[in-house]
Amino acid sequence: MKLIRNISLIIFLLGNVAFGQQYTTKAYGLFQEGKYADAQKYADSAIVSNERFNSQLWQLRGLIYRKLEDQDGNADNRNIAIESFVQARNLDEEGKYKEKIDGYLYNTVIRYYNDAVTQMNDKKLEASESSYTTYKAKYIKYVDAEMDFKANDIEYYTALGSEYLKLVSTQSGDEKTRNTAKGVNYFQEVLKIDGNQFGPNLNIGIMYYNNGADLIMNSDPLTPIEEIPMIEAKAQEYFKKAMPYLEKAHQLDPSRMDVIEALTGCCYGLYGSENEQYQKYQKILDEKNLPILLDKHKANPKDKHVIQELVRIYSTTFKDDTEYKKYAEILNNLEE
Amino acid sequence: MTGMSLMNPGATQMKDTRSPVKAMYIYNFATLIDWPSEYRKGDFVIGVYGTKEGVYDNLKMKFEGRAIGSQEIKIQNYSSVGEISKAHILYITPTKSSQISTLDSKFKGKSTLLVTEKEGYLSKGAAINFVVKGTSQKFEINKSNAKKHKLVIADRLLDLASSVVE
């Protein structure tokens, strides 16, 4: 019995040798057992043997290297996986495995995109941009040379620009200026594709507005009097840059109050409170805010900030002497 | 594919970018105007009559505790004329500017620099009035109103005024 079993084993091995697939078979078995490092050794041996002309070997090798990347995070393994799938496709002259190999390549290349998203979430913005660029290059090279990335670019660069907008809100000085320029650049990439995108228009406007406002708000209190107009002029350059983007955003969505608020801020910074354009935007804001302020005042009649706003609105935007005097008196009584 | 969530466009909040500029100017007025000797003792009081938001907040945050010569700067806020006592500079906010005549009488013979922010108020008793010229925050000066309060304005300040009334 023992002899018969040994004879069968020899016949099996000889059979494999005869077909020239012993490394591939071994690699496949180890792959199925989840022993990827061992499987890699056999697959790498196979590609320098006569087995190298088999498309399935290269597919298997690609899958093994992808698993290795999952384990150690080494990006070189992903590149080897891609090269293996490409070789598998080259050897598949009849297109027997085309669909499968295309799927493998797509699912491997898409990992660069996933990296870009993960890195963005981890605030590694430069690495994210690099991964996204790699993703597009590899997608065109290996997956679809005709791919149109416009929609992806709009989504990705809007999100990346928004991350820069968040980043600069915590920064100051040269760092802020540098990163603002980067953020604006990404939003402008989107606007080159579609100038009617609301988010990028608003965000470029806000980035410029905030930069200008911060120059004034954070200026050195002991600035010599001759230099004050220079700070003001520098800030106003930013307000001027912000205006066309904010106006476009307002045109695209007139109901957005954050756009109107930014426009009001720019006009106030540029022209002061007597300006018609400023008053136009301030009126829209006050129209919306007045009922809210009145409700707030009802709920808490001692909220000074609310009363100050009511005094301002009734003395400027909606001139009403009776209401103005009423709230001014309440304010005076509270302050005394 | 990992889902990428689009960020909401960043929210902004309108900032009062004129008040910090006015506060810096007011501080500079303090350094470029001479007060009579009896005003060069004790604290240097800068008062704001009217709302606390804006110029008062900026002055309080950035200048209180600093010095003009040997005098420590104190920033005061007043909501009624009755509260206002000795002040070196009194900035009257636009909503309170209608009371300039009352204040001018109240400070007659005293060395308080009255600063307003309303067109035409130099002729109503203010020595300095904030104005917007083009896009710039400027100020105009009435020399004789300053003189009435025994205040001497440096040429450096006069040179920077958008207009000077003798």
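Two residues are taken to be in contact if their C-beta atoms, placed from the backbone, lie within 7 Å. On this basis, in the predicted model, 52% of the contacts in chain A between residues at least 6 apart in sequence join residues at least 24 apart. Chain A contains 15 helices and zero strands. Its radius of gyration is 33 Å, whereas the globule rule gives 20 Å for 336 residues; chain A is therefore more spread out than a compact globule. The C-alpha trace of chain A spans about 115 × 45 × 40 Å along its principal axes. Buried residues make up 37% of the 336 residues of chain A.

Helix α7 of chain A, residues 125-143, was examined individually. The 19 residues of α7(A) reach 25 Å from the first C-alpha to the last, close to the 27 Å expected at 1.5 Å a residue. Buried positions in α7(A) are Ser128(A), Ser131(A), Tyr132(A), Tyr135(A), Lys138(A) and Tyr139(A). Viewed down the axis of α7(A), the buried residues fall within an arc of 135 degrees and so line one face of the helix. An α-helix has 3.6 residues a turn, so residues three or four places apart point the same way. The buried residues of α7(A) pack against three helices of chain A, namely α5 (75-91), α6 (98-121) and α8 (150-168). Glu126(A), Thr133(A) and Ala137(A), on the other side of α7(A), are exposed.

In chain B, eight strands form an open sheet with mixed pairing, in the order β3-β4-β2-β5-β6-β7-β8-β10. The edges of the sheet are occupied by β3 (67-68) and β10 (163-165) of chain B; each has a single partner strand, so one side of each is left without a neighbour in the sheet. Strands of a sheet pair through backbone hydrogen bonds, either parallel or antiparallel.

Strand β5 of chain B (residues 89-92) runs parallel to strand β2 (residues 44-49) of chain B, to which four bridges join it. Within this pairing, Ile46(B) has Ile89(B) of β5(B) as its bridge partner. Strand β6 of chain B (residues 113-116) also pairs with β5(B) in the parallel sense, over three bridges. Here the bridge partner of Ile89(B) is Leu113(B) in β6(B), and Tyr91(B) stands opposite Val115(B). Ile89(B) thus has a bridge partner in β2(B) and another in β6(B). The side chains of β5(B) are divided between two directions, Ile89(B) and Tyr91(B) pointing one way and Leu90(B) and Ile92(B) the other, and all are buried.

The connection from β5(B) to β6(B) includes helix α3 (residues 100-106) of chain B, and the three elements make a right-handed β-α-β unit. In β6(B), Leu113(B) and Val115(B) point one way, while Leu114(B) and Thr116(B) point the other way; all are buried. Strand β7 of chain B (residues 128-133) pairs with β6(B) over two bridges, in the parallel sense. Val115(B) has Ile128(B) of β7(B) as its bridge partner in that strand.

Note on methods: Residues are numbered from 1 along each chain as its sequence is written. Chains are lettered from A and ligands numbered from 1 in the order in which they are written. This is a predicted model: local features need pLDDT of at least 70, side-chain atom pairs count only at pLDDT 80 or more; totals for chains, interfaces and linings use all residues. A residue is buried if 20 or more other C-beta atoms lie within 10 Å of its own, exposed if 12 or fewer, and partly exposed in between; C-beta atoms are placed from the backbone. Two strands pair if DSSP finds at least two bridges between them. A crossover is right-handed if, with the strands pointing away from the viewer, the path from the first strand over the helix to the second runs clockwise. The radius of gyration is taken over C-alpha atoms; the globule rule is 2.2 Å times the number of residues to the power 0.38. The expected span of a helix is 1.5 Å times one less than its number of residues. The arc is that of the directions from the helix axis to the C-beta atoms.
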